[in-house]
Amino acid sequence: MSSPSKENLPKVPAPLKDELAQFDSSKMKHTETQEKCSLPSKDDVQQEKAHNSILTGVEGFERSRLNSVETQEKVILPNAEDVVQEKIHQNMVTSLESFDKAALHHAETKEKAVLPSSEIIEQEKGHQKLVHGIENFDTSNLKHAETLEKNILPSKEAIAMEKSAA
């Protein structure tokens, strides 16, 4: 790919070109540049050293220094209590599996309904009458009444006494 010719490059407008030519850099404010380079803390350096030492230790490890070992598998036999518990469990399972359902006798269950006492019945009847009376109350029998609200204001002497007490 070749670079574009001078004719194909974008043209800068004349007013902008004049403005750039007349630009005075002395009118700009002076600022100090600060380079900020954050150094790692002492803890970070120590962690990196410890990590690097571990890595070099792993990389430089010689397998020839290892000793060959054969593993011995030991079979642990159950003790007497475990054997007894296992036998009890086995006997229970076999007795449940070989259970004869034909040896069972048919039984009928009788459900007994407990009736409430006469006192409880009387209380319930009284409650039902009360609820019925409230639900069927005729409000047309009520007389109209006007309520007068009375706010008694304190006298001048009482106000004067409260002011002097405060």
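Val-84, Ile-88, Met-92 and Leu-96 come together as a nonpolar patch on the surface of this predicted model, and their joint accessible area is about 420 Å². An α-helix has 3.6 residues a turn, so residues three or four places apart point the same way. One member of the patch, Met-92, belongs to helix α3, which covers residues 80-97. Is Met-92 buried, partly exposed or exposed? Met-92 counts as partly exposed because its relative accessibility is 49%, while the exposed class begins only over 50%.

**The helices**

Looking at the protein chain as a whole, one finds five helices and zero strands, and reading along the sequence gives the pattern α-α-α-α-α. Two of these helices, α2 and α4, are set out below, with the span taken from the first C-alpha to the last.

| Helix | Residues | Length | Span | Expected span |
|---|---|---|---|---|
| α2 | 42-59 | 18 residues | 26 Å | 26 Å |
| α4 | 118-135 | 18 residues | 26 Å | 26 Å |

The span of α2 is close to the value expected at 1.5 Å a residue, and the span of α4 is likewise close to its expected value. How many of the 18 residues of α2 are buried? The number is zero, so α2 lies largely in the open. Helix α4 is hardly covered, with a count of zero buried residues among its 18.

**The whole chain**

For the protein chain of 166 residues, buried residues make up 0%. The chain exposes about 18,800 Å², and carbon and sulfur atoms supply 55% of that area. Its radius of gyration is 53 Å, whereas a compact globule of 166 residues would have a value near 15 Å. Taken along the principal axes, the C-alpha atoms of the chain fill a box of roughly 115 × 105 × 60 Å.

Notes. Residues numbered from 1 in each chain as written. Predicted model: local features only at pLDDT ≥ 70, side-chain atom pairs only at ≥ 80, totals over all residues. Heavy atoms only, no water. Helix = DSSP H or I, 4+ residues; strand = E, 2+ residues; numbered from the N terminus. Expected span 1.5 Å × (residues − 1). Buried < 20%, exposed > 50% of the residue type's maximum accessible area, 1.4 Å probe, protein only. Patch = residues over 30% accessible without salt bridge, like charges linked within 9 Å, V, L, I, M, F, W, Y side chains within 5 Å. Areas by Shrake-Rupley, 256 points an atom, 1.4 Å probe, with all protein chains shown as cover. Salt bridge = Lys/Arg side-chain N within 4 Å of Asp/Glu carboxyl O. Rg over C-alpha atoms; globule rule 2.2 N^0.38 Å.
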